[in-house]
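Me: I am new to this structure and would like to learn how to read it. Could you take me through it one feature at a time?

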Amino acid sequence: MASVIPGKALAPKAVVAELSRPGPYPVLRGELALVGLPGVVFTPASGTALPAVAFGHDWLQPAGRYLGLLRHLASWGVVAAAPDTQRGPIGSHRGLAQDLRTALGVVSGVRLGGTARGAAVSVDPHKLGVAGHGMGAGSAVLAAAVPATDTRVQAVGEPYWEVGHGVSIQAVATVAITDTQPSAVEAARAVHLPGMHLGFGKDLVSPPAAGAELLDKAWAGESSLRTVKKATHLGLLEGRHWSDILLDGKGEAATRTLVRALLTGFLLHRLGGDDRYAAAFDGIVKGTEPGSG
């Protein structure tokens with residue numbers, strides 16, 4: 001989908017104002033478990049050759065804490081899938097990266113929906129992105145570092161993937177990234193794709209200087225860095241979970257609204273080809289500070 005609503009380029013403030021609201025499309029929800037992968041997928045009720053993103057959850061968090069974000073993306077025409085795997089205390093970062101790629105393979109390989117509420121939806125396999133929060137952001141970088149072809153990959157002499165898996169990722173977005181094993185920061189040196197990296201200014205789990213800023217400096221492709229000044233590490237999350245007592249911060253409506261708008265704009269621009277939203281990634285947005293990288 002080239003553009004949701006045609007028009008001239010928008011100023012950053014206008015981008016956030018427009019994309020913080022739900023989009024024009026009715027939304028359907030499905031379950032990835034139907035194809036053997038625990039998780040959820042949200043799609044517009046109809047559409048062909050749509051962009052899609054696979055979203056990775058933070059440490060210990062269920063995919064259910066991101067449903068509002070996923071639904072929001074779908075309302076703007078982006079198919080959004082979230083694996084609900086690797087949720088244990090020692091969940092595999094590499095395993096979640098593989099599950100993100102698997103989710104993209106599923107949504108781009110079959111027609112989705114097709115109920116009485118709407119026609120089947122299709123995804124363009126050349127409009128795929130990955131994103132994530134915390135640990136899931138690190139796994140998204142690991143997923144993007146793997147080429148689609150059957151190629152062996154190494155980072156700092158250590159093979160963290162043996163082969164590619166046939167999915168061609170075109171853009172990456174990270175939110176309050178925490179580093180992974182193997183290192184997402186090191187893997188970023190092999191990611192020659194557009195990236196948007198959001199750090200949270202009051203994050204005591206992964207402060208921007210130890211997460212998003214390091215990633216931005218290592219990024220091999222075009223990179224946009226921004227800090228959400230008042231956000232804590234858990235600011236993006238919805239609802240409550242027993243793990244809240246282990247991690248600093250809490251869910252914040254203002255953080256969720258701002259991240260939804262910026263992520264939606266990034267994906268519509270980089271995957272959907274809508275240049276109206278390009279200015280949002282370097283300009284002034286209230287409550288944030290753009291990076292210099």
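Me: Let's start with helix α3, residues 93–109: what span should its 17 residues have, and how far apart are its end C-alpha atoms?
Reply: This is a predicted model, so a check on helix geometry is a good place to begin. You count 1.5 Å a residue, which gives an expected span of 24 Å for the 17 residues of α3. The end C-alpha atoms are 24 Å apart, so the two values agree.

Me: Which residues of α3 are buried?
Reply: Quite a list: Gly95, Leu96, Ala97, Asp99, Leu100, Arg101, Ala103, Leu104, Val106, Val107 and Ser108. Look at the start of the helix too, where a side-chain oxygen of serine 92 comes within 3.4 Å of the backbone nitrogen of arginine 94.

Me: Now the strands. Which residues of β10 are on each side, and are they buried or exposed?
Reply: To read a strand, sort its residues by the side they are on. In β10 (residues 195–200), Gly195, His197 and Gly199 are on one side, with Met196, Leu198 and Phe200 on the other, and all of these are buried. That makes 6 of 6 residues buried in this strand.

Me: Which strands pair with β10, and in what sense?
Reply: For pairing, look at bridges and direction. Strand β9 (residues 169–175) runs parallel to β10 and is joined to it by 4 bridges; in this pairing, threonine 174 stands opposite histidine 197. β11 also pairs with β10 in the parallel sense, over 6 bridges, and there threonine 227 is the bridge partner of glycine 199.

Me: What kind of unit do β10, helix α6 and β11 make?
Reply: A right-handed β-α-β unit, with α6 covering residues 212–218.

Me: How do I read a single residue, say alanine 231: is it buried or exposed?
Reply: Start with its place in the chain, then its accessibility, then its contacts. Alanine 231 lies in the loop between β11 and α7 (253–270). Its relative accessible area is 0%, and because buried means under 20%, alanine 231 counts as buried. Among the residues that alanine 231 touches are Gly201, Lys202, Asp203 and Thr255. Phenylalanine 200 is 31 residues away along the chain, yet the two C-alpha atoms are separated by 4.9 Å.

Me: And serine 122: where does it lie, and which residues is it in contact with?
Reply: Serine 122 belongs to strand β6 (residues 120–133), and it is buried at a relative accessible area of 14%. Beyond its neighbours within four places in sequence, serine 122 is in contact with Gly47, Thr48, Ala49, Leu50 and Arg111. A polar atom of its side chain lies 3.0 Å from the backbone nitrogen of alanine 49.

Me: Last topic: the backbone angles. What should I look for?
Reply: Look for exceptions to a general pattern. Most residues other than glycine have a negative phi, and most peptide bonds are trans.

Me: What is the phi of glutamine 86, and what is the phi of alanine 176?
Reply: Glutamine 86 has a positive phi of about 55°, and alanine 176 has a positive phi of about 50°. Glutamine 86 is in the loop between β4 (79–83) and α3 and is partly exposed at 28% relative accessibility. Alanine 176 is in the loop between β9 and α5 and is buried, at 1%.

Me: Is the peptide bond from glutamine 181 to proline 182 cis or trans?
Reply: That bond is cis, with omega near 5°. Proline 182 is found in the loop between β9 and α5 (184–187).

Definitions and conventions:
Residues are numbered from 1 along each chain as its sequence is written. This is a predicted model: local features need pLDDT of at least 70, side-chain atom pairs count only at pLDDT 80 or more; totals for chains, interfaces and linings use all residues. Side-chain values use heavy atoms; hydrogens and water are left out. Helices (H or I, at least four residues) and strands (E, at least two) are DSSP runs, numbered from the N terminus. Buried means under 20% relative accessible area, exposed over 50%, partly exposed in between (1.4 Å probe, protein chains only). A polar contact is a pair of N or O atoms within 3.5 Å; within protein, one must be able to donate a hydrogen and the other to accept it, and residues adjacent in sequence count only if both atoms are side-chain atoms. Contact means heavy atoms within 4.5 Å. The expected span of a helix is 1.5 Å times one less than its number of residues. Two strands pair if DSSP finds at least two bridges between them. A crossover is right-handed if, with the strands pointing away from the viewer, the path from the first strand over the helix to the second runs clockwise.
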